[in-house]
Every structure is written in C-alpha cells, then in structure tokens.
Amino acid sequence: MHVGSWGRRLVCKGWWSGVASRRTYGVVPRWSVRPRICEQKWRVPARGQQRSFNTVKVCPTSRKSALTESFLKTLFQSFGRESPHNSSEVVLKSEDIHRLMSSMGVVLSDKTLGEVMEKADLNGDGVICFEEFKSAYQWLMSQQPTKEDLREIFSILDLDDNGTIELEELTGALNTTKESITQAEAEKIFALCNALPHESITFEQFCSVIHQHKFLMWRLLTSFRLFFVVGGPASGKGTICSSLNTKVPNVVHVSSGDLLRHEVESNSPLGKQLADTMKRGDLVDASIVLALLDKLLCEQRGKVVLLDGFPRSLENAVDFVKLFGKGEGCLVFQCPEDVMENRIVERGKTSGRSDDTRETARRRIATFKAQSVEAVQYFRTIGMTMYELDTTKPLDENVEKLLQLPAIRVK
C-alpha cells in the first residue's frame, strides 16, 4: 500500500463479531497473556522486501475507519519512546513511524516519511507528541491501496492460482491484526461480493469490495500464510528452508532463536535486558518470545512464513494458536537420531562451536523430543495438516516436495 492505516493494528468494530483492539506493545511488551506463559522459559543456544512508496493518493475518510481517542493513544504509546524534553511524555520519531507502518505491512519511502513528519510535527522539534499525532491521523487513514497491492494479496489468498478465491482458501487466512478469518466471516465476505459459498470471487469483485468496505480492507490487506517447522537439531531445517527461499523469495524463514539474538544486537532496551538474562545463563520468558514473534509477524504482509523453533511446549502451541490462528500446517522434518548426532559432530569440526560435541548433541536431541511431542500432538488434534519430510533424502528432492504445496509453490 501507499501509506495504509495505523488503525489496521487496532481494527474498528464493524460487522465482524468480536473484532476489537488486539494486544500491542512497544519496546517492552504491553500485552496481557495468561500468567502461566510468564512461567515458561526459553533457552537460546549460543551461536555465533518490502517495497517503498513515493506517492500518496488522498480520498475522503470514512467515519467507520475512525478510532476512538483511547485506541489512538494505545497505538501511539505502543511504538513511542520517552521524550527528550520531558521524561513523563511519550513521543514518536520518524524511525518509530517507519516501524509502526511496517508493522501494518507498509514500508514508507524517505520522501513519504518526510511528508508524514511535515504534516504531524507542527512545532518542528523532530518528534511527534500525541496531539500532533492526532493531527496526521485522518490523513494517514485516508490512503487507498494500489492495484498492485491488491493483486499481491489476492495472490496470497488464491492458493490454487486459478484466478479466483474459493471459500476454503479464504477461511483460516492469518493476518497482522491477529484475527484469522473464520468460515462465517469468509461467508460474509462472499455475500458482499454477491457470491454464494459454493462459488468463487474474481479479482474484480475482490477489488470492488476492498474499496467499498474500508474496515474490511485493513483485514484482508494484511494477510499472510504460516507453516510451523518442527525438526531436531541438524535435521536440515535451515538448509532446506534457505534453499526454498532462493526459489520462492516470498518465503520467509524465521528462527525464534535468531529473533532473540537480533533483538540483543539491536541494543534496544529489551535487547539489553535479554543480553543480561542470557549472560547470567537464565532462561528467557516465553512471553518475550511471543512478543517478538508478534512484532515480526506484523511485518509479513503477503509473505509465506516458515516458523522454526517455536512452539517448544504444549502451552506455547496453545497460546500461539489463540493469539494468531493455526496457520496452514506443520512441516515435520524426520531424521534419525544417529544422523543428527553425526551431523552436529561433523559441523563442530569447522563451526568453532564448543557445544557441537557428541554428548551435547545427544542432550539437545533428547530435549527436542521431550519438548515437541505434545505440541505436535496438539496440532494434530486441532486438525492441522502435517507434512512430513525425510531429510536423509537429497536436498533438491525435499525442496521440490515443498514446492508442491499450494501456499508455497512459485506463482
């Protein structure tokens, strides 16, 4: 999109039953999860594109798209920082606006970001207070998607690539508002398109509904697909997923361990907190991992996400599904224990990792088995499709097998 809507994170109540503001967070998570999540811990093993937009189209703002001031304030504070002039005041800098918009699936060019700052920074001090933020809100809410943006999202929803969207393709689609589309909601969308449930939606019908129903636009324009990746250490997950990404650039491989390491490297307040925790050898709260996943998934509009290393427990699996939805399926990387063990030991000869020993390998494999069994069983009980790969087979053969999946194949 050109400039999208800051309201897309906090979806306005409309005919969607029960749709309202979801959990948001800034540097330190401000969301509320069940207390037991905070009791879970996460151990991090030691281990050493989106488009830009330059133009803006302005159209009349619909009253349905307006958010209450309390919602606006929550959104503002979620991405804000301490004011350099007043420690009790929260403000936004240009990079905060860029981050906020990226979480909505929109990347602003330097030119457009400058226009936003010019409109909002009324006193010219380089930061935006809440009152200044409100002055730019209606302008930001008024932006319309381009046909290219609509085609990109339509392609993500059109799993069989036949030029139309069927009801089952729309049902269950995830989006950055953390409201997966239910069958009842999908049927309502079909009704808006004057299509019966057994029929399909064309691209022209899709565009028409998107432009007429702005509250629905933010929901569909943030759609993405997600697969869980489950496999033991050295089972080939990273190699296969990386190879898949070279063939399908729209595929994003996400490692939960890498998320934590990147946050530490960012030197953010949360990153510094994580660094201290890891230096002490303590375990990281699972709630922090979920918060970082939330932050990352909000930037995956139109992508196919391969989520590696999460969940690591039944509780993790249940909480993820409740927060985000169950996704497209689970990729299970099957590999004999002796093969994984030998791969780890061989890797240790060149990796320089002190933990790539046979004893450590056995311990890590045992830990993986203990952590993954209940989560995988839970996925089966909720009807998630399981895709098994024999990772002792040639790399190209496994990649080709994954390319046959409707959500992943090259379009």
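A polar contact is a pair of N or O atoms within 3.5 Å; within protein, one must be able to donate a hydrogen and the other to accept it. The legends below refer to a predicted model.

**Figure 1. Overview of the protein chain, a predicted model.** The chain has 411 residues, of which 53% are buried. Its secondary structure consists of 18 helices and 12 strands. The accessible surface is about 18400 Å², and carbon and sulfur atoms account for 50% of that area.

**Figure 2. Surroundings of Lys 237 in helix H11.** Helix H11 spans residues 237-247 and includes Lys 237. The side chains of Lys 237 and Asp 308 make a polar contact at 3.1 Å. Setting aside residues up to four places away in sequence, Lys 237 also touches Val 229, Val 230, Gly 231, Gly 232, His 253 and Phe 333. Between the C-alpha atoms of Lys 237 and Leu 306 the separation is 9.8 Å, with these positions 69 residues apart along the chain. Because its relative accessible area is 17%, Lys 237 counts as buried, the limit being under 20%.

**Figure 3. Backbone of the loop between S7 and H11, and of a second loop with a positive phi.** Ala 234 lies in the loop between S7 and H11. Its phi is positive, about 65 degrees, although Ala 234 is not a glycine. Ala 234 is partly exposed, at 22% relative accessibility. The second site is Asp 161, in the loop between helix H6 (147-157) and strand S4 (164-166). Phi of Asp 161 is near 55 degrees, again positive in a residue other than glycine. With a relative accessibility of 40%, Asp 161 is partly exposed. Most residues other than glycine have a negative phi, and most peptide bonds are trans.

**Figure 4. Cis peptide bond between Phe 310 and Pro 311.** Omega of this bond is about 10 degrees. Pro 311 belongs to the loop that runs between strand S10 (304-308) and helix H15 (314-324). Phe 310 is also a member of an aromatic cluster, together with Phe 228, Phe 320, Phe 324, Tyr 378 and Phe 379.

**Figure 5. Aromatic pair of Phe 227 and Tyr 387.** The structure holds eight aromatic pairs. In the one formed by Phe 227 and Tyr 387, the ring centres are 6.1 Å apart and the planes meet at 65 degrees, an edge-to-face arrangement. The two residues are 160 residues apart: Phe 227 is in strand S7 (residues 223-231) and Tyr 387 in strand S12 (residues 386-390). Phe 227 is buried, with a relative accessible area of 2%, whereas Tyr 387 is partly exposed at 27%.

**Figure 6. Arg 151 and the ring of Phe 203.** The charged end of Arg 151 sits over this ring, at 3.6 Å from the ring centre.

**Figure 7. Nonpolar cores.** The largest nonpolar core contains 35 residues, and Leu 226, Phe 320 and Phe 379 have the most contacts inside it. Elements that each supply at least two residues of this core include S7, helix H12 (256-265), helix H13 (269-279), strand S11 (329-334) and helix H17 (358-381). Helix H14 gives the most to this core, seven residues. Beyond four places in sequence, Leu 226 is in contact with Leu 174, Leu 297, Val 305, Leu 307, Phe 320, Gly 327, Glu 328 and Gly 329. A separate core of 24 residues has Leu 167, Ile 181, Ile 201 and Cys 207 among its members.

Conventions:
Residues numbered from 1 in each chain as written. Predicted model: local features only at pLDDT ≥ 70, side-chain atom pairs only at ≥ 80, totals over all residues. Heavy atoms only, no water. Helix = DSSP H or I, 4+ residues; strand = E, 2+ residues; numbered from the N terminus. Buried < 20%, exposed > 50% of the residue type's maximum accessible area, 1.4 Å probe, protein only. Areas by Shrake-Rupley, 256 points an atom, 1.4 Å probe, with all protein chains shown as cover. Phe/Tyr/Trp six-rings, centres within 6.5 Å; stacked < 30°, edge-to-face > 60°. Lys NZ or Arg CZ within 6 Å of the ring centre and 35° of its normal. Contact = heavy atoms within 4.5 Å. Core = buried A, V, L, I, M, F, W, Y, C linked by side-chain atoms within 4.5 Å.
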